[in-house]
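User: Hey, I've got a protein model open and I'd like to talk it through. Can you help me read it?

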Amino acid sequence: MYTIKKAEFICCAAWESQWPAGDEPEFIMAGRSNVGKSSFINTITHTEGLAKVSSTPGKTRTLNFFNVNDELRLVDVPGYGYAKVPPKIVAQFGEMFETYVTKRKNLRALILLVDYRHPPKDDDLTMYDYAKYYKIPVIVVATKEDKLKRNDLKKNEKIIKDDLGFDEEHDVFIRFSSLKKVGVEQVWEEILKLCH
């Protein structure tokens with residue numbers, strides 16, 4: 001079990017010049033605005049309120065960097081699928097994300113959060129394909145596991161994997177629940193494998 005001794009917010013970065021220095025492994029997290037990304041960060045770091053759970057989904061407009069144990073960083077990207085954002089900001093963010101993904105040497109994997117209850121949306125498919133294009137390993141985290149009946153777990157997992165065109169050989173699928181702490185150990189197991 002990975003012990004969290006320290007988890008802290010480092011900075012918001014809108015530009016490359018603001019990215020934190022150092023070569024700690026980084027894991028970028030992406031998902032739709034209401035998928036439970038902030039809850040995911042707070043749950044796996046055992047730090048209540050580390051990532052702010054916004055009442056306005058998709059409010060993050062920058063890359064948010066979090067330090068874990070001075071050993072690795074989690075990088076939160078804006079939730080996609082938000083409606084109230086001007087196209088110009090969406091375009092700017094796309095550019096910032098592209099720059100990060102293509103230039104950041106210490107990026108180890110994309111953690112793609114999807115809602116376990118529903119088939120992936122177009123944005124999820126695009127994000128997965130994007131990571132595969134750049135040969136970035138993907139950890140697919142299916143959130144809200146506790147809201148599914150037991151006999152739907154396998155069925156929904158198959159739907160999500162089929163829709164994504166999931167790469168069984170290189171990528172990982174994790175069932176996750178912030179409420180029941182399901183999947184927390186597995187998330188760290190996969191992250192730590194990719195740190196070395």
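User: Let's start with one residue: is Glu26 buried or exposed?

Analyst: Glu26 counts as buried, at 0% relative accessibility. Buried means under 20% relative accessible area, exposed means over 50%, and partly exposed is in between (1.4 Å probe, protein chains only). Before we go on: this is a predicted model, where local features need pLDDT of at least 70, side-chain atom pairs count only at pLDDT 80 or more, and totals for chains, interfaces and linings use all residues. Residues are numbered from 1 along each chain as its sequence is written, and side-chain values use heavy atoms, with hydrogens and water left out.

User: Got it. Which residue does Arg73 form a salt bridge with at 2.6 Å?

Analyst: That's Glu26, with the closest N and O atoms 2.6 Å apart. The pair links distant parts of the chain, since Arg73 sits in strand S4 and Glu26 in strand S2, 47 residues apart. A salt bridge here is a side-chain nitrogen of Lys or Arg within 4 Å of a carboxyl oxygen of Asp or Glu. Helices (H or I, at least four residues) and strands (E, at least two) are DSSP runs, numbered from the N terminus.

User: And what does the side chain of Glu24 meet in a salt bridge?

Analyst: Arg73 again, at 2.8 Å from N to O. Arg73 lies in strand S4 (residues 72-76) and Glu24 in the loop between strand S1 (7-13) and strand S2 (26-31), so this pair ties together parts that are 49 residues apart in sequence. Arg73 is buried, with a relative accessible area of 5%, while Glu24 is partly exposed at 25%.

User: Which residues are linked in that network of salt bridges?

Analyst: Glu24, Glu26, Arg73 and Arg104.

User: How many salt bridges are there by this rule?

Analyst: The count comes to 19. Another one joins the side chains of Lys155 and Asp152, at 3.3 Å from N to O. Both lie in helix H4, three residues apart, about one turn of the helix. As a general point, an α-helix has 3.6 residues a turn, so residues three or four places apart point the same way. Lys155 is partly exposed, with a relative accessible area of 48%.

User: What about charges overall, how many positive and negative side chains are there?

Analyst: The protein chain has 30 positive and 29 negative side chains, and the centres of the two sets lie 5 Å apart. Lys and Arg count as positive and Asp and Glu as negative, while His and the chain ends are not counted. The place of a charge is taken as NZ of Lys, CZ of Arg, CG of Asp or CD of Glu.

User: Now a loner. Which side chain of opposite charge is nearest to Glu145?

Analyst: Lys180, but it is 4.8 Å away, and Glu145 has no salt bridge even though Glu145 is buried. Glu145 is in the loop between strand S6 (138-143) and helix H4 (150-164). Leaving out residues up to four places away in sequence, Glu145 touches Tyr116, Leu153, Arg175, Phe176, Ser177 and Val182. Contact means heavy atoms within 4.5 Å.

User: Zooming out, how many helices and strands are in the chain?

Analyst: Five helices and seven strands. From the N terminus on, the elements run β-β-α-β-β-α-β-α-β-α-β-α. Buried residues make up 49% of the 196 residues. Residues 24 or more positions apart account for 77% of the contacts with a separation of 6 or more.

User: Where do the buried residues of H1 come in?

Analyst: Helix H1 (residues 37-45) is mostly covered, with eight of its nine residues buried. Phe40, Ile41 and Ile44 are among them, and so is Lys37. H1 is followed by His46, whose phi is positive, near 55 degrees.

User: Which way does phi usually go?

Analyst: Most residues other than glycine have a negative phi. Lys135 also has a positive phi, near 55 degrees. Lys135 lies in the loop between helix H3 (122-133) and S6, and is exposed, with a relative accessible area of 73%. For Lys181, phi is near 60 degrees, again positive. Lys181 is in the loop between strand S7 (172-175) and helix H5 (184-195), and is partly exposed at 49%.

User: Last one: what does the C-alpha trace span along its principal axes?

Analyst: About 50 × 40 × 35 Å.
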